[in-house]
Amino acid sequence: MNNLTTIGVVIATFWAVTMASAQQTQPTVGRDLNTGATYEVKPGTGEPPPKEWIDKDTGHRVVRLSDEPSSQSLYFNYPAYSPDGKKLVFFSPTGIYWVDLQTRAIEQLLPATSTLKIQGNPTVRNNLIQVGIKTGRLFITRTVIQNADAQNAGGNVSPDRGSAERSVWWIDPLSKEEHEIGILPPNYNVATVNCDETMLAGAVTYLDGRGGAATAPVRAAPGQRINLQQRWAQHLPMALLTLNAQTGELKTFNPSNDWDNHFLCSPTDPNVLMYCHEGPWQNNDRVWTIHLDGTNLTKVHTRTMINEIWGHEFWSSDGTISWYQLNTPRGAGGVAWIAGTNLKTHDQIWYHLEPGTSSIHVNISRDGSMFAGDGGTDCPWIMLHIPHLARNMASAGAYDTAGLIQPGSVDTQRLVNMSTHQYALEPNVNFTPDMKWIVFRSNMFGPSYVFEVEVAKSK
């Protein structure tokens, strides 16, 4: 999955005409701005979807949060809420917005494009990275449009490709103050901000032929996802990087030929980065953590069998557990789990998922008492999972439990029927900070919109 810093480039090449309001002509093709995958938008009446309704199959209330066709919420594990938990940031073809979760009022925070008041007055596309956990600032990249368009002919999407004219900024959504952090050289990308907002992190892909490597990565064909096997097999040289939010200084560390991706800083420790080795999941030890000074490289999970896979990782709110989806093994006959590794004690918890309850993405509530899943083509539901740890049935002191996996199970409830949703657009679930709602995006009515479903069944 591509990092959100490529979102503006995708919008630039995909939408021939920027839509100014929800009343304009319905697009015929939609795109998941994380993956690049496209889908045919189902014909509709041209009217917006209902503002809210009760799902007739589950009894849960669903609310539409966005008004503009083709609006989307952020990737499932990226910070998207104001620090007080009252507003959710999302993006659309016309810009970056937030919605008040109580009043449902929508406000544009940044247009899709703006003009910089510097020499040449370049027009730039504003690309959202995330919302700062501490201050609520929007961290964005700004890409000079003509450069971005020239380098991305045909709408190809790749996290390895960066514009030579791209800068990183923060914007205060309340005061509208703007501050330029620094410039990104070609093929340098930042995709996450640490919890005290002093550092951004990401990676650089070296395309200078060093070590005999290819000088161009595999590209995704327009409307398709990148071929993970082909890109992984290139083993392009990369390095992790930090961008100092105060000074703009770039530093690189941990060079390798792994395909580093899915960067997500700890929600509580400003020095810890979680990331993945991208590619076919069965090829990689996927989830890792490292300190931003390059020390303490740690593999989060160790494979126990052939074809075991794990990924789509996310943090517990206290930053102690790296959670991920685990399959032992991948494919027919495999068992699905929501698994987590405590990064301090190295204890593991595995919650078993019954057949037919797996998802593309799973997420966790702030208090750790609930998981949410966004389903998939074979299980088209937004789901709630209530976890339960298994009791140790052995006699007290019968054996040392240190180092053993703590098993568990979940009670699963269906919240939203997604049978008319096209899963080329991944719903990307996350809990609202008050844990009363689950936010997702869906094309069930044609174009994509941002929705939320109430955890409690409607009375």
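## Strand β21 and the two largest pockets

By class, 16 nonpolar, 17 polar and 7 charged residues make up the lining of the largest pocket in this structure, which is a predicted model. The volume of this largest pocket is about 1,000 Å³, and among its 40 lining residues I309, N327, R330, S359 and I360 lie nearest the centre. Two or more residues of that lining come from each of the elements β21, β22, β23 (335-342) and β24 (348-353).

The second largest pocket holds about 660 Å³ of space, and of the 30 residues that line it, P79, I133, P267, S317 and R366 are the closest to its centre. At least two lining residues are supplied by each of β9 (123-131), β13 (188-193), β17 (260-265), β21, β25 (362-364) and β29 (430-431).

| Pocket | Volume | Lining by class |
|---|---|---|
| Largest | about 1,000 Å³ | 16 nonpolar, 17 polar, 7 charged residues |
| Second largest | about 660 Å³ | 17 nonpolar, 12 polar, 1 charged residues |

Strand β21 contributes to the lining of the largest pocket and to that of the second largest pocket. Strand β21 (residues 309-315) is largely enclosed by the rest of the structure, because 7 of its 7 residues are buried, where buried means under 20% relative accessible area.

Strand β21 is joined by 5 bridges to strand β22 (residues 321-328), and the two run antiparallel; within this pairing, G311 has Q325 of β22 as its bridge partner. The hairpin that β21 and β22 form has 5 residues between the strands, and in this hairpin G319 takes a positive phi near 75°.

Methods. Residues are numbered from 1 along each chain as its sequence is written. This is a predicted model: local features need pLDDT of at least 70, side-chain atom pairs count only at pLDDT 80 or more; totals for chains, interfaces and linings use all residues. Side-chain values use heavy atoms; hydrogens and water are left out. Buried means under 20% relative accessible area, exposed over 50%, partly exposed in between (1.4 Å probe, protein chains only). Helices (H or I, at least four residues) and strands (E, at least two) are DSSP runs, numbered from the N terminus. Two strands pair if DSSP finds at least two bridges between them. On a 1 Å grid over the protein atoms alone, a cavity is a set of points where a 1.4 Å probe fits but cannot get out, and a pocket is an open set with protein on both sides within 12 Å along at least five of seven lines; lining residues have an atom within 4 Å of a point. Grid points are joined across faces, edges and corners, and a volume is the space filled by probe spheres set on the points. Ala, Val, Leu, Ile, Met, Phe, Trp, Tyr, Cys and Pro count as nonpolar, Asp, Glu, Lys and Arg as charged, and the others, Gly among them, as polar.
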